[in-house]
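Welcome! Let us take a friendly walk through one protein model, starting with an opening in its surface and moving on to the parts around it.

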Amino acid sequence: MLLMMSMIIFIITLFVMMLASLISKKTITDREKSSPFECGFDPMNYSRLPFSLRFFLIAIIFLIFDVEIALILPMIMVIKSSNLLIWSLTSMFFIFILLVGLYHEWNQGALEWNN
(Lines give C-alpha, C1' and ligand atoms only; values in the text may rest on other atoms or scores of the structure.)
Protein backbone atom coordinates (compact mmCIF):
# COMPACT_ATOMS: atom_id res chain seq x y z
CA MET A 1 0.00 0.00 0.00
CA LEU A 2 2.76 2.43 0.99
CA LEU A 3 4.83 1.53 -2.07
CA MET A 4 1.85 2.11 -4.34
CA MET A 5 1.10 5.54 -2.81
CA SER A 6 4.76 6.50 -3.15
CA MET A 7 4.75 5.55 -6.82
CA ILE A 8 1.56 7.54 -7.46
CA ILE A 9 3.01 10.60 -5.71
CA PHE A 10 6.24 10.21 -7.69
CA ILE A 11 4.36 9.97 -11.00
CA ILE A 12 2.16 13.00 -10.20
CA THR A 13 5.22 15.01 -9.19
CA LEU A 14 7.11 14.02 -12.33
CA PHE A 15 4.08 14.90 -14.47
CA VAL A 16 3.72 18.35 -12.88
CA MET A 17 7.45 19.08 -13.29
CA MET A 18 7.40 18.06 -16.96
CA LEU A 19 4.25 20.09 -17.58
CA ALA A 20 5.79 23.15 -15.91
CA SER A 21 8.96 22.89 -18.00
CA LEU A 22 6.92 22.56 -21.19
CA ILE A 23 4.70 25.58 -20.64
CA SER A 24 7.34 27.88 -19.10
CA LYS A 25 8.53 30.87 -21.10
CA LYS A 26 12.19 30.28 -20.31
CA THR A 27 14.50 30.63 -23.29
CA ILE A 28 17.97 29.19 -23.20
CA THR A 29 19.31 31.51 -25.90
CA ASP A 30 18.59 34.70 -23.95
CA ARG A 31 21.90 36.57 -23.51
CA GLU A 32 20.96 38.21 -20.22
CA LYS A 33 19.55 35.10 -18.59
CA SER A 34 22.47 32.83 -19.46
CA SER A 35 25.20 35.23 -18.29
CA PRO A 36 26.38 35.47 -14.67
CA PHE A 37 25.43 38.58 -12.73
CA GLU A 38 28.08 40.10 -10.49
CA CYS A 39 27.13 43.22 -8.55
CA GLY A 40 25.77 45.14 -11.50
CA PHE A 41 28.75 44.59 -13.77
CA ASP A 42 28.10 43.57 -17.36
CA PRO A 43 29.99 40.28 -17.92
CA MET A 44 30.04 40.80 -21.71
CA ASN A 45 32.23 43.94 -21.45
CA TYR A 46 35.94 44.20 -20.84
CA SER A 47 36.74 42.72 -17.43
CA ARG A 48 39.47 45.19 -16.45
CA LEU A 49 37.22 48.20 -16.01
CA PRO A 50 38.00 50.33 -12.93
CA PHE A 51 36.00 49.46 -9.83
CA SER A 52 33.84 52.21 -8.37
CA LEU A 53 35.07 53.21 -4.93
CA ARG A 54 31.68 54.74 -4.14
CA PHE A 55 30.05 51.34 -4.47
CA PHE A 56 32.66 49.86 -2.14
CA LEU A 57 32.19 52.64 0.46
CA ILE A 58 28.40 52.30 0.44
CA ALA A 59 28.78 48.53 0.89
CA ILE A 60 31.13 49.03 3.86
CA ILE A 61 28.79 51.60 5.46
CA PHE A 62 25.89 49.18 5.02
CA LEU A 63 27.88 46.40 6.71
CA ILE A 64 28.80 48.65 9.63
CA PHE A 65 25.19 49.63 10.26
CA ASP A 66 24.04 46.06 9.74
CA VAL A 67 26.43 44.84 12.45
CA GLU A 68 25.34 47.76 14.62
CA ILE A 69 21.79 46.48 14.64
CA ALA A 70 23.04 43.05 15.70
CA LEU A 71 24.80 44.71 18.64
CA ILE A 72 21.89 46.96 19.68
CA LEU A 73 19.23 44.23 19.76
CA PRO A 74 20.81 42.31 22.70
CA MET A 75 21.11 45.58 24.59
CA ILE A 76 17.34 45.88 24.50
CA MET A 77 16.95 42.36 25.85
CA VAL A 78 19.16 42.95 28.92
CA ILE A 79 17.60 46.25 30.00
CA LYS A 80 15.59 44.58 32.79
CA SER A 81 18.52 42.68 34.28
CA SER A 82 21.10 45.47 34.28
CA ASN A 83 21.72 48.74 36.04
CA LEU A 84 19.73 51.39 34.17
CA LEU A 85 22.40 54.09 34.51
CA ILE A 86 25.22 51.88 33.19
CA TRP A 87 22.98 50.54 30.42
CA SER A 88 21.99 54.06 29.37
CA LEU A 89 25.58 55.32 29.35
CA THR A 90 26.79 52.31 27.37
CA SER A 91 24.05 52.54 24.78
CA MET A 92 24.42 56.33 24.41
CA PHE A 93 28.20 55.97 24.00
CA PHE A 94 27.70 53.26 21.36
CA ILE A 95 25.15 55.34 19.43
CA PHE A 96 27.39 58.41 19.77
CA ILE A 97 30.30 56.53 18.16
CA LEU A 98 28.02 55.50 15.30
CA LEU A 99 26.74 59.04 14.81
CA VAL A 100 30.27 60.45 14.79
CA GLY A 101 31.21 57.87 12.14
CA LEU A 102 28.14 58.71 10.10
CA TYR A 103 28.92 62.43 10.34
CA HIS A 104 32.50 61.77 9.23
CA GLU A 105 31.32 59.76 6.20
CA TRP A 106 28.80 62.46 5.36
CA ASN A 107 31.42 65.20 5.74
CA GLN A 108 33.85 63.31 3.48
CA GLY A 109 31.14 62.99 0.80
CA ALA A 110 30.90 59.19 0.83
CA LEU A 111 27.11 59.31 0.97
CA GLU A 112 26.74 61.54 -2.10
CA TRP A 113 26.24 59.78 -5.43
CA ASN A 114 26.51 62.94 -7.55
CA ASN A 115 29.81 64.72 -8.06
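The lining of the largest pocket is made up of Leu57, Ile60, Ile61, Ile64, Phe65, Phe94, Ile97, Leu98, Gly101, Leu102 and Glu105. On a 1 Å grid over the protein atoms alone, a pocket is an open set of points with protein on both sides within 12 Å along at least five of seven lines, and lining residues have an atom within 4 Å of a point. The space in this pocket comes to about 170 Å³, where a volume is the space filled by probe spheres set on the points.

Keep in mind that this is a predicted model, in which local features need pLDDT of at least 70 and side-chain atom pairs count only at pLDDT 80 or more, while totals for chains, interfaces and linings use all residues. Residues are numbered from 1 along each chain as its sequence is written, and side-chain values use heavy atoms, with hydrogens and water left out.

Which elements give two or more residues to the lining of the largest pocket? They are helix 3 and helix 4, and helix 4 gives the most, with 6 residues. Helices here are DSSP runs of H or I with at least four residues, strands are runs of E with at least two, and both are numbered from the N terminus. The protein has 4 helices and 0 strands.

Now look at how the two helices sit together. The axes of helix 3 (residues 53-77) and helix 4 (residues 84-108) come within 12 Å and cross at roughly 170 degrees. Helix 3 and helix 4 are therefore roughly antiparallel, a label for angles over 145 degrees. Residues making this contact (heavy atoms within 4.5 Å) include Ile61, Phe65 and Glu68 of helix 3 and Phe94, Leu98 and Glu105 of helix 4.

The table sorts residues by class: Ala, Val, Leu, Ile, Met, Phe, Trp, Tyr, Cys and Pro count as nonpolar, Asp, Glu, Lys and Arg as charged, and the others, Gly among them, as polar.

| Group | Nonpolar | Polar | Charged |
|---|---|---|---|
| Contact of helix 3 with helix 4 | 12 residues | 2 residues | 2 residues |
| Lining of the largest pocket | 9 residues | 1 residue | 1 residue |

One residue deserves a second look: Glu68, in helix 3. Is Glu68 buried or exposed? Glu68 counts as buried because its relative accessibility is 13%, and buried means under 20% relative accessible area with a 1.4 Å probe, protein chains only. Leaving aside neighbours within four places in sequence, Glu68 is in contact with Phe94 and Leu98. Across the 115 residues of the protein, 8% count as buried.

Note on methods:
Axes are lines fitted to C-alpha atoms, for helices over the stretch in contact, and angles run from 0 to 180 degrees between N-to-C directions. Angles under 35 degrees count as roughly parallel, over 145 as roughly antiparallel, 65 to 115 as roughly perpendicular and the rest as oblique. On a 1 Å grid over the protein atoms alone, a cavity is a set of points where a 1.4 Å probe fits but cannot get out, and a pocket is an open set with protein on both sides within 12 Å along at least five of seven lines; lining residues have an atom within 4 Å of a point. Buried means under 20% relative accessible area, exposed over 50%, partly exposed in between (1.4 Å probe, protein chains only).
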